[in-house]
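Open the model in your viewer and switch on a cartoon view. The stops below go from one helix to its neighbour and then to a sheet.

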Amino acid sequence: MKPEVNYIEINRNSWNNRTETHLKSDFYDVEGFLKGKSSLNEIELNLLGEVKGKNILHLQCHFGQDTISLSRLGAEVTGIDLSDEAIKSAIELAEKAGSSAQFVCCDIYDLPNHLQEKFDIVYTSYGVIGWLPDMNKWAQVVAAFLKPGGKFVFVEFHPVLWMFDDNFEKIAYNYFNTQAIVETESGTYANKEAKITQSYVCWNHGLSEVMTSLLQNGLTIKIFEEFDYSPYACFQHTVEFEPNKYRIQHLDNKIPMVYSIVATVNG
């Protein structure tokens, strides 16, 4: 299989197939969101800092909850996603929320052909880079859309998590990006009992691959942190040990679950 030929369509269809289920799920709590609940977590809020008056590009935004949450904090925000169903839902959600957030539907690597603006902050988070084969091309896009002195805020699930099987009982995947992972799943992380099935293509990216790609594209890493919890109960066997903080029950605090990077563009 040559993933560069067909992974975009496979993954677009995959996310199109999930969107309606996600919109109805307790996981995303759209009803609570429209009443004013923010979708942003403590980790990223601390890294973003004051965003009022800032211009923010949100990469791989799904149906736009974080994008709209950032706009509620006073930022001018543009969200990008591959899924046309997700972007359609994002536009509708923004209208319902009275948000000025804007949205663009395209493959992230193709974004320079859809958008010319530069931004104070580029932001992306949680379950995003695994859908992309090439971290260098990703970092090129990040760098291209940052203003001089602008910052990149990135929060992602730790690559150690993706080594395990779904039950976290054994090592099932390579830590390093050796090949595309092509699988089919029933249900979805937001509702594991949902009567949907979709195929997808993803890649594992180790920490050095991610950080080297940023460094080689003119960014300076200012903050790198690892966390022994996830703010989401989206994995099997998770337990909430503090409010909105989850771990794999039998692994407790022994593995990293999330990491974050803040990088600035030189100039």
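Contact here means heavy atoms within 4.5 Å. The model is predicted.

Select residues 65-72, which form helix H4. Of its 8 residues, 7 are buried: Gln65, Asp66, Thr67, Ile68, Ser69, Leu70 and Ser71. After H4 comes glycine 74, with a positive phi near 100°.

Next, add helix H5, residues 84-97. The axes of H4 and H5 come within 10 Å and cross at roughly 30°. Angles under 35 degrees count as roughly parallel, so H4 is roughly parallel to H5. Their crossing is right-handed. Show side chains where the two helices meet: Gln65, Ile68 and Arg72 on H4, and Ala90, Leu93, Ala94 and Ala97 on H5. By class, this contact has 5 nonpolar, 1 polar and 1 charged residues.

Now display the strands. An open sheet of 7 strands runs in the order S3-S2-S1-S4-S5-S11-S8, and its pairing is mixed. Its edge strands are S3 (102-105) and S8 (219-227), each paired on one side only. On average, neighbouring strands are turned by 15° against each other, direction ignored.

Bring H4 back into view against the sheet. H4 touches S1 (55-58), S2 (76-81), S3 and S4 (119-125), and its direction makes about 175° with that of S2.

Then go to S8 and S11 (residues 258-265), which run antiparallel and are joined by 8 bridges. Pick phenylalanine 227; its bridge partner in S11 is valine 258.

Finally, select helix H6, residues 135-144. H6 lies across S4, S5 (146-157) and S8, running at about 135° to S5.

Note on methods. Residues are numbered from 1 along each chain as its sequence is written. This is a predicted model: local features need pLDDT of at least 70, side-chain atom pairs count only at pLDDT 80 or more; totals for chains, interfaces and linings use all residues. Side-chain values use heavy atoms; hydrogens and water are left out. Buried means under 20% relative accessible area, exposed over 50%, partly exposed in between (1.4 Å probe, protein chains only). Helices (H or I, at least four residues) and strands (E, at least two) are DSSP runs, numbered from the N terminus. Axes are lines fitted to C-alpha atoms, for helices over the stretch in contact, and angles run from 0 to 180 degrees between N-to-C directions. Angles under 35 degrees count as roughly parallel, over 145 as roughly antiparallel, 65 to 115 as roughly perpendicular and the rest as oblique. A crossing is left-handed if the near helix is turned anticlockwise from the far one by less than a right angle, and right-handed if clockwise. Ala, Val, Leu, Ile, Met, Phe, Trp, Tyr, Cys and Pro count as nonpolar, Asp, Glu, Lys and Arg as charged, and the others, Gly among them, as polar. Two strands pair if DSSP finds at least two bridges between them.
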